[in-house]
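Here is a note for a colleague who is opening this structure for the first time. The points go from the whole chain to its sheets and then to single residues.

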Amino acid sequence: MERSTIVRVHEGLHARPATRFVKLAKSFESEVEIIKDGKSASAKSAVKLMLLAVKENDEVTIRTRGADEIEAVEALVGYLENPLAGLTEEQAPAEPDAASAAGVTLKVEPTKPAAFEEEVSGALKGVAASEGYAVGAAFAHFPPEIKPERRTLSSGDINAELARFAEAVEAVQARMNASLASATLSANDRGIIAALRDIAADDELRDEVVATINTGSDAVTSVIGAAAKIAAQFGQVDDPYLNARADDVQAVGRQICLALLGQADISLDDIPKGAILIAEDIGAWDLARAPLKRIGGIVCGHGGATSHIAIIARAHGIPAVLGMGAQVHELAKAREIALDGHRGHVVGDPDGAVLDRFRARIDEAAREREALKAFRDTTPRRADGTVIEVAANIGSLEEIDAAREAGAMGVGLFRTELLFMRHMHLPSEDMQAETYAALAKAFAPHPVIVRTLDIGGDKPISGIEFPPEENPFLGWRGIRMCLDRPDIFKPQLRALLRAAVHGNVKVMLPMVADVAEVRATRALIETCKAELAAEKVAFGEFQLGVMIETPAAVLIAPALAKEVAFFSIGTNDLTQYIMAADRLNPTVAKLNDVTNVAVMSAIEMTARAGAAAGIMVGMCGEAAGRPDLIPEFLRMGLTELSMSPASIQRAKKRIAELGG
């Protein structure tokens with residue numbers, strides 16, 4: 001069975017889209033090949049697939065052979081034709097204030113000061129991989145090189161060596177799986193580690209190592225050789241992102257070798273706060289697990305702007321200069337480092353004039369942050385005295401401290417997806433109840449608005465089987481899936497009812513497009529109450545609201561307002577649905593503008609409907625934190641704005657200015 005198509009996956013089948021595609025291919029019994037420009041590769045090997053260098057808008061052919069070949073072709077072609085399916089965190093624009101939320105003190109605004117347009121005396125040049133300026137003590141990180149053992153095995157030793165290799169791969173995967181379960185790992189870092197784990201188990205790497213061991217070579221030598229061979233193949237691909245995957249393969253090979261040798265890599269746990277990490281190379285696996293809040297900057301001999309090191313650095317607001325080559329050894333001898341992540345300049349042991357220039361810019365950013373702290377405990381009000389709740393959008397209990405430190409007046413959006421995604425099995429009712437109760441207690445008496453599970457075919461989780469969908473963002477997600485799966489929805493509703501005795505819990509439903517969805521949920525809530533009462537389990541009441549993020553919800557807002565206690569406008573999805581423009585697709589980025597008259601009209605229609613019904617209208621999209629739009633949102637009648645913690649103090653300042 002064959003079918004040709006044009007690839008619409010954003011940026012093509014690079015690391016994480018490739019692993020998703022492989023996972024889908026492996027779910028079918030049939031053999032699956034993908035063919036491009038006359039070259040074919042197994043669709044069940046992420047490494048082989050990436051080496052084929054399938055890019056967006058390439059024409060490819062899917063060839064299947066087996067009992068379920070028709071279903072396999074349909075599902076795989078559907079994935080390739082879906083422009084959202086391959087989108088990953090590293091392609092999404094980073095929030096400019098993410099570093100402040102993470103506690104990074106040396107990140108500055110991306111605007112370059114005029115003084116830095118001049119060359120910095122004594123600066124070494126690398127690749128500008130993550131913006132920002134930093135000055136800090138040099139922390140050299142040069143783990144010893146693992147060298148081939150070059151042992152020749154007897155025929156009787158080969159099976160034992162193969163078993164030893166298999167155990168090492170399992171050990172590396174187990175360590176990576178343990179890291180993926182860590183509560184402190186960000187979603188972005190989680191995706192990177194998952195991609196590395198898949199490389200560790202990929203058939204291409206395994207088969208190359210096994211073949212070499214079978215010739216009588218020891219496992220360590222075989223792994224080093226196989227990783228180098230595959231890395232060289234990535235280096236020859238005409239694509240900078242895929243070139244950078246060579247570093248990932250080498251990093252995975254190193255971890256397998258360490259497992260074979262029974263050794264642990266040198267840890268970064270002892271890096272001093274604010275220090276500049278100097279390394280010839282550092283694997284994404286090591287960096288993602290490092291104490292990132294303590295790292296002031298990164299300078300690395302390997303890597304580029306598309307490497308996973310750069311992606312992690314940008315996500316955490318850490319200035320980084322990569323691709324320094326042998327120059328890192330010179331910098332490793334320095335006591336202090338000045339780093340310009342905008343231009344890719346690094347100065348070892350800078351003189352007084354250079355230090356003054358760097359520190360002036362760092363101080364400027366610090367002064368701005370310090371000035372905003374004055375608004376931490378402000379209760380912002382409109383000119384008429386109405387309190388405007390400025391709340392936080394968070395996704396885990398680990399984010400509570402940052403939100404409270406920023407002065408959040410509660411939580412306007414608690415995303416429950418991470419609670420479901422970080423476990424191998426669906427979280428129990430008790431686990432959910434404990435999480436929601438802890439959230440409510442942390443912010444009492446302020447409200448915490450918990451969004452019920454908003455998961456769909458684009459974000460599968462363990463325990464829920466999703467059918468292949470050509471466009472999962474318009475498919476079986478949010479409230480639609482939950483109502484179809486009461487076995488999943490009821491434990492969450494019961495947990496929320498139990499948590500309501502501990503604080504001011506509110507619940508909102510995502511992706512609502514029909515009043516019937518709200519009524520069906522209410523009926524399910526009543527069933528849950530009756531069950532809890534019969535079981536003599538304490539529970540409380542919570543207000544039920546809906547997210548306004550579909551055009552349908554806007555148009556039926558007056559009817560919805562009669563059914564619920566509040567609205568929360570999700571501007572991210574609302575904008576893309578109204579404008580029919582994927583918010584993460586750069587080719588239609590100009591259409592994805594919340595200030596477009598169509599979107600602003602939808603927000604105002606929603607606000608009017610809420611005001612007429614006497615219910616609270618809030619906003620939990622990123623637009624809620626924009627100082628330029630806050631005056632208009634308040635004019636429309638919104639009384640709650642929820643945003644990333646880093647934006648809270650700036651928003652409070654803006655509202656205070658308007659209130660006079």
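1. Accessible areas here come from the Shrake-Rupley method with a 1.4 Å probe. On that basis the accessible surface of the chain comes to about 27000 Å², and carbon and sulfur atoms hold 51% of it. Please keep in mind while reading that this is a predicted model.

2. As for the overall make-up, the chain has 660 residues, of which 53% are buried, and its secondary structure amounts to 25 helices and 20 strands. Among the contacts in the chain with a separation of 6 or more, 69% are between residues that lie 24 or more positions apart.

3. Towards the start of the numbering there is an open sheet of four strands, which follow one another in the order S1-S4-S2-S3 with antiparallel pairing. Strand S1 (2-6) and strand S3 (39-42) are its edge strands, each of them pairing on one side only, and from one strand to the next the twist averages 25°. Within this sheet, strand S2 (residues 31-36) is joined to S3 by four bridges in the antiparallel sense, and Lys36 has Lys39 of S3 opposite.

4. Ala43 deserves a separate look, since the loop between S3 and helix H2 (46-51) is where this residue is found. Is Ala43 buried or exposed? Its relative accessibility is 0%, and because buried means under 20% relative accessible area, Ala43 counts as buried. Leaving aside residues up to four places away in sequence, Ala43 touches Phe21, Val22, Ala25, Val32 and Glu33. Thr64, by comparison, is 21 residues from Ala43 in sequence, and their C-alpha atoms are 9.7 Å apart in space.

5. Strand S8 (residues 275-279) has five of its five residues buried, and it is therefore largely enclosed by the rest of the structure. Ala275, Leu277 and Ala279 point one way from the strand, whereas Ile276 and Ile278 point the other way, and all are buried. S8 has parallel partners in two strands: strand S7 (residues 133-141) pairs with S8 over four bridges, and strand S9 (residues 295-300) pairs with S8 over five. Individual bridges can be named as well, for Ala140 is partnered by Ile278 in S8, while Ile276 is partnered by Gly297 in S9.

6. Another sheet is a closed barrel of eight strands with parallel pairing, running S13-S14-S15-S16-S17-S18-S19-S20. Its neighbouring strands are turned against each other by 25° on average, direction ignored. Three bridges connect strand S13 (residues 389-394) with strand S14 (residues 411-415), the two running parallel, and one pair to look up is Ala392 with its bridge partner Val411 in S14. Helix H23 (residues 597-613) lies across strand S17 (543-548), strand S18 (566-569) and strand S19 (616-619), and runs at about 170° to S18.

7. The last point concerns helix H25 (residues 648-659), whose 12 residues should span 16 Å at 1.5 Å a residue, and the end C-alpha atoms are indeed 16 Å apart, which agrees. Which residues of H25 are buried? They are Ile648, Gln649, Ala651, Lys652 and Ile655. These residues cover an arc of only 155° around the axis, which puts them on the same side of H25.

Conventions:
Residues are numbered from 1 along each chain as its sequence is written. This is a predicted model: local features need pLDDT of at least 70, side-chain atom pairs count only at pLDDT 80 or more; totals for chains, interfaces and linings use all residues. Side-chain values use heavy atoms; hydrogens and water are left out. The expected span of a helix is 1.5 Å times one less than its number of residues. Buried means under 20% relative accessible area, exposed over 50%, partly exposed in between (1.4 Å probe, protein chains only). The arc is that of the directions from the helix axis to the C-beta atoms. Two strands pair if DSSP finds at least two bridges between them. Axes are lines fitted to C-alpha atoms, for helices over the stretch in contact, and angles run from 0 to 180 degrees between N-to-C directions. Contact means heavy atoms within 4.5 Å.
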